[in-house]
Amino acid sequence: MSLVAGFLASNADWKTLNSFAEINLIDPVQQSLSEQGYETPTPIQAQTIPPALAGEDVLGCAQTGTGKTAAFALPILDALGQDTPPALPNRPLALVLAPTRELAIQIADSFSTYGRYLKIRQTLLFGGVNQFRQVRSLDRGTHLVVATPGRLLDLMNQGHIQLNHLQTFVLDEADRMLDMGFLPDLKKIIAELPDDRQSLFFSATLPPKIVELSEELLDNPVSINVTPETRSVDLIEQQLYFVDRKEKRDRLHDLLSQPEVKRAVVFARTKRGADQLCKRLVFEGINASAIHGDKTQGARQRALNAFRRNQVHVLVATDVAARGIDVDGITHVVNYDLPDEPEAYVHRIGRTGRAGESGVAISYCCGDERAKLRAIEKLIGQRVPVIGEDPRGDKPKRSSKGKPQGKGAANRSGSAKPSRRRATTQNKDQRRSNDGRGTNERGGPQGGPQSESKKQAKRSARRPGKKARLRKQRDAAAQS
Ligand code: AMP
C-alpha cells in the first residue's frame with residue numbers, strides 16, 4: 001500500500017459533505033463562496049468545517065493545495081460574522097500562524113476573498129519590513145491576525161498585541177515551522193494563549209515532535225487525515241534522469257525550451273545555487289526569476305506576482321521560499337538538485353498537478369545524490385520512474401507488505417494520541433453537548449477505534465458550539 005492509500009484508508013470512516021449548501025454557513029460567506037465558484041468542499045473542508053463550526057479542536061494532516069485555508073478560514077469568518085463584535089485595539093479574536101511570509105500573505109488574501117461581504121478587520125504581520133503599519137493596524141482594532149511567529153512574538157514583547165481575548169487559534173504548516181526552527185517562538189506564543197479557546201492545527205506530516213506539540217495545544221481534537229499526494233501518483237508524471245553534475249545545466253535548458261513547458265518551478269538546493277542558475281537561464285534567453293530567503297519580501301512578492309501573471313515562465317526556488325507558492329497551471333516541476341529532506345520532494349512535486357490538472361515532475365540525480373534518492377523512494381514507497389539508463393541496475397526493493405518504510409510514512413498512517421490536557425479539561429467537557437453539527441468521530445483514548453456506545457456518550461457530552469454559547473450569553477443579557 002502506498003503512502004497515499006494509507007491516508008485514504010484512514011479516512012474511510014469520515015462522513016463527507018457533498019456541497020457547501022449542506023454546511024450551515026452564514027449568507028455573506030456562502031455568497032462569496034459561490035462567487036468563487038466553490039460548490040463542493042474538498043475533503044479537508046468537508047471534514048474540518050463541521051466540527052470547527054461546533055467549536056471543536058481539530059488536528060488536520062494536510063498540506064497546501066488541499067483547500068485547507070478555507071477549511072479554517074470559513075469557520076472563523078462564520079463565527080466572527082454572526083454578530084461582528086467590535087474590533088478591539090491590540091486584542092484580536094482569531095490568530096493564524098504561518099511559517100512563511102508568502103503563506104501568510106496568501107492566507108490573508110483568502111480571508112479577504114471569503115470575507116468580502118463581512119466587516120471583519122484583519123492585520124497581517126510578518127518580518128523583514130518596517131513594523132509601523134502593522135502596529136498602526138493593531139492599534140486601530142482588529143478581529144483577526146495572520147502572522148509569522150517571529151514578528152508576532154516581537155510585537156507581543158513590545159506590548160503591541162495581547163492574546164487574552166483570543167477565541168480561535170490556527171497553527172498552519174506546523175511541521176514546516178519546526179523545520180524552520182520556530183519551536184522556541186511557538187512555545188512562547190502558546191504560553192500566552194487563553195485556556196478557553198479553540199485550536200485548529202494543520203501539518204503535512206506528523207513526526208513525533210509535531211504530535212507532542214499538538215498534544216500541548218489541542219483539547220481532545222477531531223483528527224483528520226487527507227492527502228493531496230494522490231496527485232503525485234495519479235496526476236503527476238514523475239520522471240528521473242541519472243546525469244553527471246555538469247550535464248544538468250544543458251539538460252535543464254533543453255527542457256525549458258520545449259513548448260509544452262509553459263510554467264515551471266525549478267528547485268535548487270541553496271540560495272546561491274538558485275541565483276546562479278537563474279542568472280544563467282536569463283543569459284540563455286529564458287524568462288526566469290529566483291525566489292529564496294535572502295531576497296527582500298518585495299522582491300519575492302514581485303517574482304511571484306510576475307510568475308502568476310505569466311510574465312515570468314520559470315521560477316527558480318529553494319524549498320523554504322517555495323513552500324507558499326500557490327499558483328495554478330504549473331506544468332513542470334524540476335528537481336535540479338534533489339532535496340536534503342525526502343519530505344521536500346513530496347512538497348515540491350505537489351506544486352504541479354493542482355486543481356485536477358496533470359503535471360510533470362522531473363528529477364536530475366547525479367552520483368553524489370543517490371543517497372537522497374534512496375531516502376525519497378523509501379518515503380514515497382515506490383521507485384521514481386527512470387527515463388534512460390538506470391546505473392543502479394538492481395531491482396526495486398520491496399518492503400514486507402509493500403508499505404512505505406519512511407519515518408514520515410510510519411507517522412502519517414498512525415492517528416494522533418489523545419491530548420494530555422484532556423484530564424484537566426473536565427469542566428470544559430461537562431459543558432459540552434452536541435449541537436448537531438459535529439458529525440465527525442474523535443480518536444479514542446488509545447487512538448484506536450471506539451465502540452459505538454462510547455462514541456455516542458462522547459457526542460452527547462460535547463460542549464455547545466461557540467455560537468450556541470454566544471446566543472446563551474445574549475439571551476441572558478437580554479433577560480437581565
Ligand atoms: P489551499 O490548500 O488552501 O492553498 O487551496 C488550494 C487551491 O484550491 C486554492 O487556489 C483555492 O482557491 C482552491 N480551492 C480551495 N477550496 C476549493 C473548493 N472547495 N473548490 C474549488 N477550489 C478550491
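In this predicted model, V58 stands opposite V222 in strand β7. That pair belongs to the junction of strand β1 (residues 58-61) with β7, two strands that run parallel and are joined by 4 bridges. The points below move from the sheet to the helices that pack on it, and then to the contacts between helices.

**The sheet**

- The sheet is open and is formed by 7 strands with parallel pairing, in the order β3-β4-β2-β5-β6-β1-β7.
- Its edge strands are β3 (122-125) and β7 (222-225), each of which pairs on one side only.
- From one strand to the next, the twist averages 10°.

**Helices against the sheet**

- Helix α7 (residues 149-157) lies across β2 (94-97), β3 and β4 (144-147), and the helix runs at about 110° to β3.
- Helix α10 (residues 208-217) also packs on the sheet, where it touches β1, β5 (168-171) and β6 (198-203), and its direction makes about 170° with that of β6.

**The contact of α3 with α4**

- The axes of helix α3 (residues 43-53) and helix α4 (residues 68-83) come within 9 Å of each other and cross at roughly 25°.
- Because angles under 35 degrees count as roughly parallel, α3 and α4 are therefore roughly parallel to each other.
- The crossing in which α3 passes α4 is right-handed.
- On the α3 side the contact is made by I44, Q45, T48, I49, A52 and L53, while α4 contributes K68, A70, A71, F72, L74, P75 and D78.
- Sorted by class, the residues of the contact of α3 with α4 comprise 9 nonpolar, 2 polar and 2 charged.

**The contact of α4 with α5**

- The axes of α4 and helix α5 (residues 101-114) come within 10 Å and cross at roughly 50°, and the two helices are therefore oblique to each other.
- Here too the handedness can be stated: α4 passes α5 in a right-handed crossing.
- The residues that make this contact are T69, A70, A73, L74 and L77 of α4, together with I107, S110, F111 and Y114 of α5.
- By class, the contact of α4 with α5 divides into 7 nonpolar and 2 polar residues, with no charged ones.

**Residues of α4 named in both contacts**

- A70 and L74 of α4 are listed in the contact with α3, and A70 and L74 are also listed in the contact with α5.

Methods:
Residues numbered from 1 in each chain as written. Predicted model: local features only at pLDDT ≥ 70, side-chain atom pairs only at ≥ 80, totals over all residues. Axes fitted to C-alpha atoms, helices over the stretch in contact; angles between N-to-C directions. Parallel < 35°, antiparallel > 145°, perpendicular 65-115°, else oblique. Left-handed = near helix turned anticlockwise from the far one by under 90°. Contact = placed C-beta atoms within 7 Å. Nonpolar A, V, L, I, M, F, W, Y, C, P; charged D, E, K, R; others polar. Pairing = 2+ DSSP bridges.
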